[in-house]
Protein chains: 2
Amino acid sequence: MDATRLRYDEHGLIPAIVQQHDTGEVLMMAWMSVATVRESIATGETVFWSRSRDERWHKGATSGNTQKIVTMTADCDADVLLVRVDQQGSGACHTGARTCFHDDLETDDA
Amino acid sequence: MDATRLRYDEHGLIPAIVQQHDTGEVLMMAWMSVATVRESIATGETVFWSRSRDERWHKGATSGNTQKIVTMTADCDADVLLVRVDQQGSGACHTGARTCFHDDLETDDA
């Protein structure tokens with residue numbers, strides 16, 4: 001499986017789930033283009049495509065909170081990536097938290 | 001956080017990452033509409049919106065491989081869900097595998 005065999009959406013992007021390789025924590029989800037998939041593979045650090053800023057985004061380039069890639073795995077229909085990393089610095093979230101997932105839905109009272 | 005406060009994309013969908021709650025395995029990623037988020041919360045089992053079939057999809061309804069929801073958590077900008085589940089049956093993947101993620105990219109040779 002290489003970058004060109006992945007299935008990108010109508011915007012040329014694929015979702016990338018980022019997981020801490022040893023603890024299993026899901027840290028964040030962001031989007032990659034074919035170019036940033038290739039750059040991630042080539043550099044060993046996560047590089048995304050920011051949909052809000054419409055630009056390449058090397059995670060941690062300014063904060064130091066980079067993500068060292070351990071493995072990148074596509075799902076069964078090749079339209080989602082799971083990127084196992086070693087998160088550097090304080091964490092993945094722009095709020096300073098370790099993970100972006102901290103807002104529980106009230107599953108007993110919808 | 002309730003279902004209506006989430007941010008859905010231009011198709012009215014939000015990505016839902018499904019993780020086995022105790023092992024940390026990422027099992028699959030699929031999409032939910034506001035209605036299937038609500039139905040997942042109300043029933044305690046994952047219900048998605050199938051983009052390929054353009055219809056509601058109660059995971060495991062025919063195979064028995066349902067997913068019992070433990071927690072549902074939104075990310076910091078409320079446009080991705082992390083659903084921690086207890087996967088029933090043989091696994092999450094339509095191939096019969098435990099997880100949908102089994103196609104490693106060759107990260108040393110892009």
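Let's start with Val34(A) and the residues around it. Setting aside neighbours within four places in sequence, Val34(A) is in contact with Ala3(A), Thr4(A), Tyr8(A) and Gly12(A), where contact means heavy atoms within 4.5 Å. Val34(A) sits in helix α1 of chain A, residues 34-43. A word on naming: helices (H or I, at least four residues) and strands (E, at least two) are DSSP runs, numbered from the N terminus. With a relative accessible area of 29%, Val34(A) is partly exposed. On that scale, buried means under 20% relative accessible area, exposed over 50%, and partly exposed in between, with a 1.4 Å probe and protein chains only. Ile14(A) is 20 residues away along the chain, and its C-alpha is separated from that of Val34(A) by 8.3 Å.

Before going on, some housekeeping. This is a predicted model, in which local features need pLDDT of at least 70 and side-chain atom pairs count only at pLDDT 80 or more, while totals for chains, interfaces and linings use all residues; side-chain values use heavy atoms, with hydrogens and water left out. Residues are numbered from 1 along each chain as its sequence is written, and chains are lettered from A and ligands numbered from 1 in the order in which they are written.

How confident is the predictor? Chain A has a mean pLDDT of 94, and 95% of its residues reach 70 or more; pLDDT is the predictor's confidence in each residue, from 0 to 100. For the complex, the predictor gives an ipTM of 0.94 and a pTM of 0.95.

Now, how do the two chains relate? A turn of 180 degrees, with a shift of 0.0 Å along the axis, lays chain B on chain A with an RMSD of 0.0 Å. The superposition is by least squares on the C-alpha atoms of residues with pLDDT of at least 70 in both copies. The two copies are therefore related as by a two-fold rotation axis. In chain B, the C-alpha nearest that axis belongs to Gly24(B), 2.4 Å from it. Both copies use the same surface: 100% of the contact residues of chain B recur in chain A.

Next, please look at a sheet that takes strands from both chains. It is an open sheet of five strands in the order β7(A)-β5(B)-β6(B)-β1(B)-β2(B), with mixed pairing; two strands pair if DSSP finds at least two bridges between them. Which strands stand at the edges? They are β7 (101-104) of chain A and β2 (26-33) of chain B, each with a single partner strand, so one side of each has no neighbour in the sheet. Where the chains meet, β7(A) runs antiparallel to β5 of chain B (residues 67-75), and three bridges join them. Along that pair, Asp104(A) stands opposite Thr73(B).

Packed on the sheet is helix α1 of chain B, residues 34-43, touching β1 (13-20), β2, β5 and β6 (81-87) of chain B. Its buried residues are Thr36(B), Val37(B), Ser40(B) and Ile41(B). Seen down the axis of α1(B), they fall within an arc of 140 degrees, so they line one face of the helix; the arc is that of the directions from the helix axis to the C-beta atoms. After α1(B) comes Gly44(B), with a positive phi near 80 degrees.

One last stop: Ala78(A), in the loop between β5 (67-75) and β6 (81-87) of chain A. Though not a glycine, Ala78(A) has a positive phi, near 60 degrees, and at 10% relative accessibility it counts as buried.

How values were computed
Axes fitted to C-alpha atoms, helices over the stretch in contact; angles between N-to-C directions.
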